[in-house]
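This report describes the fold, packing and charged contacts of a protein model. The sequence and structure are shown first.

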Amino acid sequence: MAAQQTPVVINRFCTSCGLCVDVCPKNVLELVEDLHVWTGSMCKVARPEDCVRKCRFCEAICPHFAISVADVGVELVFQDSHGQMVTKSR
Amino acid sequence: MSVDYPRYLRNDKLPLYWCPGCGNGIVLKALLGAIDDLRWEKDDMVMVSGIGCAARGSGYVDFHTLHTLHGRAVPAATAIKMCHPSMHVIVFSGDGDMLAIGGNHFIHACRRNINITMVVVNNWIYGMTGGQYSPTTPPGSKASTMPQGNIDSNFDVVELARGAGATFVARGSVAEPALLKNYLRKGLEHKGASVIDAISSCHTQWGGRNQLGDPVQLVEHIRNMTVSRNNADVLSREELTGKLVTGIFHQDLEKKEYAQAYAELSRPVEQNVVV
């Protein structure tokens with residue numbers, strides 16, 4: 001049986017365009033203020049317990065490869081243009 | 001099953017160059033998802049692109065890639081396909097690149113029915129060069145070179161490709177990425193010239209001049225504008241004006257593929273050559 005899954009946002013890539021918030025049928029994601037990035041806000045998985053886990057609308061619509069619906073506990077590793085490793089695990 | 005996107009991307013090139021909320025990323029993601037579904041090897045793929053916003057897509061994927069001259073993506077892809085018939089060749093380019101400056105190459109690749117997949121990322125504008133109107137800009141909408149509204153008629157990519165002789169023609173939009181992925185997968189699988197018109201969103205250049213500057217608003221507009229083919233059958237002609245019908249429009253399995261026809265033509269000659 002499939003493991004428990006949750007959307008994971010890679011903050012480095014998120015541009016806070018708001019498309020994922022718009023398509024989510026269960027209102028799981030929201031944009032929160034984050035003054036450390038140039039867009040001024042950041043997508044956050046606010047209500048992961050509401051996620052239906054199968055639709056993957058947020059993953060499909062995210063234009064900047066910032067959202068993955070991943071199994072809980074899996075580590076995602078990316079390398080950005082500055083050579084830093086960006087990890088985000090749950 | 002989740003798609004392992006980093007496997008198909010050149011991760012040192014990320015983050016993407018496109019604007020926040022740009023539809024090109026959604027089309028690229030759908031394409032990678034379709035390739036992941038087919039379980040094709042990265043070394044068997046070639047992605048060719050011309051010049052433009054969407055054409056930057058070839059720089060981000062970890063296949064064999066070629067970034068060619070403006071409009072000349074299709075001739076380069078044709079050459080690659082003729083030299084390496086076993087390779088899966090994809091052309092990923094914008095509407096200005098494929099239909100304006102490369103329009104001639106586009107129709108002739110369709111006519112020859114050569115086995116390449118042409119993804120026309122159709123955002124109705126020349127995004128990179130400053131928002132000039134393109135052959136697909138809808139009549140009446142504004143662009144930097146048409147500040148009072150476009151007076152030209154626009155191309156219907158589906159009808160153009162079908163008329164030119166492409167054997168697989170489909171249209172999807174960024175408002176429905178899951179369906180777009182299905183159409184791309186079918187197009188990749190198809191043996192012959194396949195054209196996928198991927199309606200993309202440019203809120204920076206097209207949307208900003210047409211009161212749709214927000215990416216969410218523009219994707220919502222595209223969602224309202226598109227009608228699936230099944231639903232379109234029951235609508236009248238008046239109801240369909242200004243709408244874009246999505247779906248798979250044409251698939252012809254009979255017409256002979258060009259690289260295969262060429263191989264059949266040259267085989268007797270190659271066998272009779274005395275060295």
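Which residue is the bridge partner of Ser49(B) in S2(B)? The partner is His67(B), and the strands concerned, S1 (residues 45-49) and S2 of chain B, pair in the parallel sense over four bridges. The model discussed here is a predicted one.

## The sheet of chain B

Chain B contains an open sheet of eight strands in the order S2-S1-S3-S4-S8-S7-S10-S9, with mixed pairing. Strands S2 (64-67) and S9 (226-228) of chain B form the edges, each pairing on one side only. From one strand to the next, the twist averages 20°.

Strand S4 (116-122) of chain B is joined to S3(B) by six bridges, and these two strands run parallel. Gly94(B) has Val121(B) as its bridge partner in S4(B). S4(B) also pairs with S8(B) in the parallel sense, again over six bridges; in that pairing Thr117(B) stands opposite Ser194(B) of S8(B).

## Covering of the sheet

S4(B) is mostly covered, with seven of its seven residues buried. In a regular strand, side chains alternate between the two faces of the sheet. One side of S4(B) carries Ile116(B), Met118(B), Val120(B) and Asn122(B), the other carries Thr117(B), Val119(B) and Val121(B), and all of these are buried, so both faces of the strand are covered.

Helix H6 (residues 157-164) of chain B lies across S4, S7 (168-173), S8 (194-199) and S10 (244-251) of chain B, and runs at about 170° to S7(B). Helix H7 (residues 177-189) of chain B packs on the sheet as well, touching S3 (88-94), S4, S7, S8 and S10 of chain B. The direction of H7(B) makes about 160° with that of S7(B).

## Loop residues of chain B

Ala54(B) is placed in the loop between S1 and S2 of chain B. Its relative accessible area is 5%, below the 20% limit, and Ala54(B) therefore counts as buried. Beyond its neighbours within four places in sequence, Ala54(B) is in contact with Trp18(B), Asn24(B), Phe92(B), Ser93(B), Gly94(B) and Val121(B). Two of these contacts, Gly94(B) and Val121(B), are the bridge partners named above for S3(B) and S4(B). By C-alpha positions, Ala54(B) and Met87(B) are 22 Å apart in space, and 33 residues separate them in sequence.

Met128(B) is found in the loop between S5 (125-126) and S6 (132-133) of chain B. With a relative accessible area of 36%, Met128(B) is partly exposed. Together with Tyr17(B) and Ile51(B), Met128(B) forms a nonpolar surface patch, and the accessible area of the three residues comes to about 240 Å².

## Salt bridges

Twelve salt bridges are found over all chains of the structure. One of them connects Asp37(B) with Arg185(B), whose closest N and O atoms are 3.2 Å apart. This pair links distant parts of the chain: Asp37(B) belongs to helix H2 (residues 23-38) and Arg185(B) to helix H7 of chain B, 148 residues apart. Both partners are partly exposed, Asp37(B) at a relative accessible area of 34% and Arg185(B) at 25%.

A salt bridge within a single helix joins Arg223(B) and Glu220(B), at 3.1 Å from N to O. Both lie in helix H9 (residues 215-225) of chain B, three residues apart, or about one turn of the helix. Arg223(B) is partly exposed at 27%, as is Glu220(B) at 31%. Another salt bridge, between Glu264(B) and Lys256(B), has its closest N and O atoms 2.8 Å apart; Glu264(B) is partly exposed at 34% and Lys256(B) at 47%. Salt bridges that share partners also bring Asp22(A), Glu220(B) and Arg223(B) into one network.

## Chain A

Chain A has two helices and six strands, arranged along the sequence as β-α-β-β-α-β-β-β. Of its 90 residues, 46% count as buried. The accessible surface of chain A is about 4700 Å², and carbon and sulfur atoms account for 50% of that area. Among contacts between residues at least 6 apart in sequence, 53% join residues at least 24 apart.

Strand S4 (residues 67-71) of chain A is mostly covered, since four of its five residues are buried. S4(A) pairs with S1 (residues 5-9) of chain A in the antiparallel sense over five bridges. Within this pairing, Gln5(A) has Asp71(A) as its bridge partner in S4(A).

Conventions: Residues numbered from 1 in each chain as written. Chains lettered and ligands numbered in written order. Predicted model: local features only at pLDDT ≥ 70, side-chain atom pairs only at ≥ 80, totals over all residues. Heavy atoms only, no water. Buried < 20%, exposed > 50% of the residue type's maximum accessible area, 1.4 Å probe, protein only. Contact = heavy atoms within 4.5 Å. Areas by Shrake-Rupley, 256 points an atom, 1.4 Å probe, with all protein chains shown as cover. Pairing = 2+ DSSP bridges. Patch = residues over 30% accessible without salt bridge, like charges linked within 9 Å, V, L, I, M, F, W, Y side chains within 5 Å. Salt bridge = Lys/Arg side-chain N within 4 Å of Asp/Glu carboxyl O. Axes fitted to C-alpha atoms, helices over the stretch in contact; angles between N-to-C directions.
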